[in-house]
Amino acid sequence: MSKDTLSNLRTQISDLDAKLLEILAQRKDVALKVVSEKEKGNQNLRDESREQEVLLNAFKKSKELGLDNHYVNSIFKEILADSNRIQRKYLQSKINSESAVDALKISCQQAYVKYNTEAAKKHFTNTSLNYNLCETIKDVFEEVQQGKSDYGIIPIENTIAGANNEVYDLLLNAQNQIVGEIKVQIETCLVALAGESIKSIKEVYCHPRDVMLCRNFLAENGLKIRYLADYENAVDKIRELNKPGIAGLTGKLLEDITGLAVIAEDISNQKEVFFRFIVVARKPVKVDMRVPAKTSIVFSTQQVPGALADALNVFKNYEINLTKLESRPVPGNNWEEMFYLDLQGNVQDERVKLALDEVGKQSKFIRVLGCYPIPDVEAVQVKLPTQVDDRKVEVKVPEKVAVVATTKKSSLISSRDHKQEDTIIEVKGVKIGGKSFTVMSGPCSVESYQQIMDCAELASNTGCQILRGGCFKPRTSPYSFQGLGYEGLDMLVEAGKKYHMPIITEVMSTEDVHKVAEKTDIIQVGARNMQNFTLLAEIGKTQKPVLLKRGMSCTISDMLDAAEYILAQGNLQVMFCERGIRTFETATRFTLDLSAVPLIKRRSHLPIIIDPSHAAGVRDLVPALAIAAKAIGAHGIIVEFHPEPEKALSDGPQALRFHQMEKLMQDLGNTPWGDY
Ligand code: PEP
Ligand code: MN
């Protein structure tokens with residue numbers, strides 16, 4: 001064949017390719033017109049029978065034209081999948097107008113920059129992207145949270161090493177929402193200076209997660225592993241060290257390896273390796289009901305046999321498919337687990353809402369981490385005319401849905417309408433709520449090591465279940481003792497440990513919430529902070545039970561509303577505390593509103609605790625109010641005592657003396673619990 005003929009033929013091929021592309025572009029325009037027509041008719045996005053027809057036509061036509069059926073089929077499946085993606089994107093951009101901008105700022109981790117940018121490009125097609133490279137994944141979350149980037153791209157798992165635990169732990173406390181996911185196939189290879197071969201290599205520079213991918217290859221070749229820091233890059237490292245005998249693990253075709261050579265490829269433990277990335281943003285995305293969606297949640301169950309099975313059963317009853325279940329330890333609660341779950345469905349879907357509501361009622365904590373479109377388009381199978389379609393199209397709605405749907409719904413999570421049975425909060429084996437009466441006691445403030453140890457000993461000896469002690473004190477005057485802070489908290493923790501008692505302490509500022517939550521068993525919100533909504537929302541993100549004290553000038557409804565700030569964040573372990581309100585009476589420090597007990601028990605499933613100490617303000621009145629609390633059916637009391645009340649640094653006048661505390665516990669033992 002002459003050179004001219006070949007170049008002529010090549011020109012023909014190029015012309016045909018150009019035509020193919022033009023036709024694909026035209027097809028895309030028509031697909032967009034189709035979706036806007038479907039939208040008007042409120043039709044389903046996907047019409048599988050139409051897709052079957054397209055594939056069947058292609059099948060017939062390819063036969064006529066003498067083309068390979070298999071080849072044509074796979075091309076058309078890709079074309080249909082692309083149409084689907086275009087149509088989904090169109091619907092999504094209509095309800096999320098803010099995402100339709102020209103340039104986006106993306107945060108991602110430096111270490112996996114090429115993997116991350118590959119994922120970003122796959123997700124944000126047709127948009128120019130500026131990257132904000134971060135040292136750690138935590139930084140990625142923070143940059144997005146602070147509005148320095150529009151989105152964060154985070155690798156959450158791969159098909160060899162499994163989940164990246166750090167991401168799950170960060171998701172729990174991050175304010176960000178998951179707004180998308182991307183799957184990218186990655187092939188790992190070994191790069192070294194030109195002239196090296198696998199035989200000459202002694203050491204391999206790599207990230208810990210890459211080691212997991214290629215463990216077998218590294219072991220078989222007796223290669224010594226040199227771990228890179230999170231922010232380091234294997235390719236740069238090899239260039240920088242520029243010495244023989246070393247190589248680096250990296251994603252094939254992802255890095256610019258000019259000056260280096262690939263000395264081994266396809267070295268992963270398994271043939272195909274995929275990375276899954278999540279896209280996070282400050283605000284959730286709305287997913288059009290016609291676009292297939294996934295919802296990610298995190299929850300923790302009660303510590304009772306079968307609790308997880310019960311929760312999973314809820315999804316089964318509502319016929320919701322689960323695609324992932326991961327468990328991670330609850331920070332500060334040894335041997336308790338948080339469950340991360342991905343389900344197929346849209347949070348706006350009634351069925352998903354009902355299932356989440358039901359799981360919420362059985363959980364201690366539940367939060368939706370995000371609802372986002374599923375990027376994969378599952379191809380339909382060509383059905384030859386002789387094959388019969390035996391699939392049922394209609395989805396059976398389980399009976400249970402109807403039952404739940406007819407119950408009257410209230411907007412308050414704390415209400416009896418939302419949940420009929422009493423919520424029982426369990427703290428290290430101590431039950432609060434239901435039919436139990438729990439005594440929390442201790443000094444107003446932790447003042448010294450000896451003081452809290454003496455108090456803990458008395459509390460334990462007299463049968464109190466929970467040890468109280470203030471470390472951050474909300475004092476009316478800034479000149480009064482403000483508490484020992486974290487130093488005091490460490491003493492309280494030690495006292496609780498020594499006497500096997502769970503502890504409760506107050507947190508006053510948002511910055512301290514998570515640090516205090518790591519150490520205490522119950523978080524107290526003081527009366528003065530009952531309507532500090534930012535504080536409440538932050539506490540709602542922790543997994544610790546909360547005692548919410550009634551503000552001295554707040555109504556019971558105000559308190560119920562305030563609790564929603566905690567509950568709405570997913571922390572469902574809230575107990576109320578009536579500690580006296582301001583009235584015109586001055587003989588007592590405040591006026592104990594005992595009617596709060598039967599009232600709250602009617603309106604809410606959450607426990608109600610009485611604080612007789614702050615209500616009375618006078619030590620001698622405290623026992624009578626404590627007895628009244630048990631008689632009227634409160635779920636417990638929180639009471640102050642002190643080894644030497646005269647020397648107390650706060651609330652001395654209301655602190656019981658040791659012998660009074662002992663007597664109170666005996667008297668309480670003889671008082672029946674009222675169930676009103
Ligand atoms: C306390 O419990 O010591 C306290 C400060 O309580 P309150 O917030 O009810 O005043
Ligand atoms: Mn006090």
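This section describes the overall architecture, the ligand sites, the aromatic pairs and selected loop residues of a predicted protein model.

The protein comprises 676 residues, of which 50% are buried. Its secondary structure consists of 21 helices and 25 strands. Taken along the principal axes, the C-alpha atoms fill a box of roughly 115 × 65 × 45 Å.

The manganese ion (ligand 2) has four types of protein donor atom in the predicted model: SG of Cys-444, NE2 of His-614, OE of Glu-640 and OD of Asp-651. These donors lie 2.1 to 2.4 Å from the ion. Along the chain, the donors of the manganese ion follow the spacing C-x169-H-x25-E-x10-D. Distant parts of the chain are thereby linked, with Cys-444 and Asp-651 standing 207 residues apart. Cys-444 belongs to the loop between β18 (438–442) and α13 (449–461), whereas Asp-651 belongs to the loop between β25 (636–640) and α21 (658–669). Both of these donors fall under the 20% limit for burial: the relative accessible area of Cys-444 is 5%, and that of Asp-651 is 16%.Ligand 1 is surrounded by 13 residues. The closest are Arg-468, Ala-527, Arg-528, Lys-549 and Arg-579. By class, the shell around ligand 1 contains seven charged, three polar and three nonpolar residues. Polar side-chain atoms approach oxygen atoms of ligand 1 at several points. For Arg-579 the separation is 2.6 Å, for Lys-549 it is 2.8 Å, and for Arg-528 it is 2.9 Å. On its own, ligand 1 has 290 Å² of accessible area, and the protein covers 97% of this area.

Aromatic contacts were examined next. A search of the whole structure yields eight aromatic pairs. One of them joins Phe-472 and Tyr-486 in an edge-to-face arrangement, with 5.1 Å from centre to centre and 75° between the planes. This pair links distant parts of the chain, its members being 14 residues apart. Phe-472 is placed in the loop between β19 (466–468) and α14 (485–498), while Tyr-486 is part of helix α14. With a relative accessible area of 13%, Phe-472 is buried; Tyr-486, at 26%, counts as partly exposed.

The rings of Phe-641 and Phe-658 form a further pair, with centres 5.5 Å apart. Their planes meet at 75°, so the pair is edge-to-face. Phe-641 is located in the loop between β25 and α21, and Phe-658 in helix α21, 17 residues apart along the chain. The relative accessible area of Phe-641 is 0%, which places the residue among the buried ones. Phe-658, by contrast, is partly exposed at 22% relative accessibility. The loop between β25 and α21 that holds Phe-641 also holds the manganese donor Asp-651. Elsewhere, ring pairs link Tyr-115, Phe-275 and Phe-277 into a cluster.

Backbone geometry was considered for individual loop residues. Most residues other than glycine have a negative phi. Asp-266 has a positive phi, near 55°. This residue is situated in the loop between β10 (260–264) and β11 (274–281), and its relative accessible area of 36% makes Asp-266 partly exposed. A positive phi near 55° is also found for His-500, a residue in the loop between α14 and β20 (503–506). At 72% relative accessibility, His-500 is exposed.

A further loop residue, Asn-346, lies between β14 (333–344) and α11 (350–362). Asn-346 is buried, its relative accessible area being 6%. The C-alpha atom of Asn-346 is separated by 7.7 Å from that of Pro-292, although the two residues are 54 residues apart along the chain.

How values were computed. Residues are numbered from 1 along each chain as its sequence is written. Chains are lettered from A and ligands numbered from 1 in the order in which they are written. This is a predicted model: local features need pLDDT of at least 70, side-chain atom pairs count only at pLDDT 80 or more; totals for chains, interfaces and linings use all residues. Side-chain values use heavy atoms; hydrogens and water are left out. Donors are N, O and S atoms within 2.8 Å of the metal (3.2 Å for Na, K and Ca); water is not among the atoms, so sites may look incomplete. Helices (H or I, at least four residues) and strands (E, at least two) are DSSP runs, numbered from the N terminus. Buried means under 20% relative accessible area, exposed over 50%, partly exposed in between (1.4 Å probe, protein chains only). A residue is near a molecule or strand if one of its heavy atoms lies within 4 Å of it. A polar contact is a pair of N or O atoms within 3.5 Å; within protein, one must be able to donate a hydrogen and the other to accept it, and residues adjacent in sequence count only if both atoms are side-chain atoms. Accessible areas come from the Shrake-Rupley method with a 1.4 Å probe; for residues, only the protein chains shown count as cover. Ala, Val, Leu, Ile, Met, Phe, Trp, Tyr, Cys and Pro count as nonpolar, Asp, Glu, Lys and Arg as charged, and the others, Gly among them, as polar. Rings of Phe, Tyr and Trp (its six-membered ring) pair if their centres lie within 6.5 Å; planes under 30 degrees apart count as stacked, over 60 as edge-to-face and the rest as tilted.
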